[in-house]
Amino acid sequence: MNLTPETQMQFLFSLRSRGVTDARVLEAMEKVDRGLFVQGLFANRAYEDRPLPIACGQTISQPSVVGLMTQALDVQPRNKVLEIGTGSGYQAAILSHLARRVYSVERHRELTRSARQIIETLGLVNVTVMTSDGSLGLPDQAPFDRIILTAAPEDPPANLLGQLRVGGIMVLPVGQSDTVQSLIKVRKTADGLDYTELCEVRFVPLVEGIAQG
Ligand code: SAH
């Protein structure tokens, strides 16, 4: 589907009306055409504010939720960011416009491959997409200024909290997969961790291990 100026305006309007008001986040989202990340049957619904199916039984998140999470993450231009759950690569592409460096990990090789391809085509050279178990984080590249999870663990994983820099922020959904989950923001200070609950969300569960096949 072609992204016409009218569709683009409507897309940005629906983000704003759901509370995505940060100018830098809106600008980054304006630069990334969601239509490139939704293939097949649902391609013509890419500009609607709803989650959509992607390969491997996963989903690309709802744009307004992507916006609210990105806003809560408060990414600064010098930041090194880790994303757990690359999926389509849409969130990673948005982060690439806000951060110095983005690492994104995905447990399905097929998703890693297609996300990497789109990100390369877009020339987003500060993003690295890898297949690995995100519940372990990425110890080789730690610490991170920002960590975002787009799959829900029951509690914030200790490995990831350990890889967050002091002064850093982590945004993630937590809770059981078959119920409503909470989106939370964790700030790491010199004295410990500060938790803020943001809103209710529904994400696929964080699953341990790399997917087989
Ligand atoms: N951020 C994505 C949304 C992806 S949905 C986007 O913009 O499209 C969540 C993704 O998390 C799924 O692709 C799922 O395979 C992945 N995932 C779940 N558990 C994981 C784990 N332990 N490590 C890495 N990825 C994981």
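User: Where is Ser61 found?
Analyst: The model is predicted, so local features need pLDDT of at least 70 and side-chain atom pairs 80 or more, while totals for chains, interfaces and linings use all residues. Numbering runs from 1 along each chain as its sequence is written, and side-chain values use heavy atoms, without hydrogens or water. Helices (DSSP H or I runs, at least four residues) and strands (E, at least two) are numbered from the N terminus. By that assignment, Ser61 sits in the loop between S2 and H3.

User: Is Ser61 buried or exposed?
Analyst: Buried means under 20% relative accessible area, exposed over 50%, and partly exposed in between (1.4 Å probe, protein chains only). Ser61 has a relative accessible area of 18%, so it is buried.

User: Which residues does Ser61 touch, not counting those up to four places away in sequence?
Analyst: Contact is taken as heavy atoms within 4.5 Å. For Ser61, the list is Arg34, Arg50, Pro51, Val66 and Phe203.

User: What is the relative accessible area of Ser177?
Analyst: Ser177 belongs to the loop between S7 and strand S8 (181-189). Ser177 counts as partly exposed because its relative accessible area is 37%.

User: How many Å apart in space are Ser177 and Phe203, C-alpha to C-alpha?
Analyst: Leaving aside neighbours within four places in sequence, Ser177 is in contact with Arg202 and Pro205. Phe203 lies 26 residues from Ser177 in sequence, and the C-alpha to C-alpha distance is 7.0 Å.

User: Which residues line the second largest pocket?
Analyst: A pocket is an open set of points on a 1 Å grid over the protein atoms alone, where a 1.4 Å probe fits, with protein on both sides within 12 Å along at least five of seven lines; lining residues have an atom within 4 Å of a point. Ser61 and Ser177 both belong to this lining. The full list is Pro51, Thr59, Ser61, Gln62, Val65, Ser177, Glu200, Val201, Arg202, Phe203 and Val204.

User: Which lining residues lie nearest the centre of the largest pocket?
Analyst: Strand S2 (59-60), strand S3 (80-84), helix H4 (90-96) and strand S4 (101-106) each give at least two residues to the lining of the largest pocket. That lining has 29 residues, and nearest the centre are Gly85, Glu106, Thr150, Ala151 and Val204.

User: Which residues is Tyr90 in contact with, leaving aside neighbours within four places in sequence?
Analyst: Helix H4 spans 90-96 and is among the elements that help line the largest pocket. The contacts of Tyr90 include Arg34 and Val66, two residues that Ser61 also touches. The complete set for Tyr90 is Phe11, Met29, Val32, Arg34, Phe37, Ile60 and Val66.
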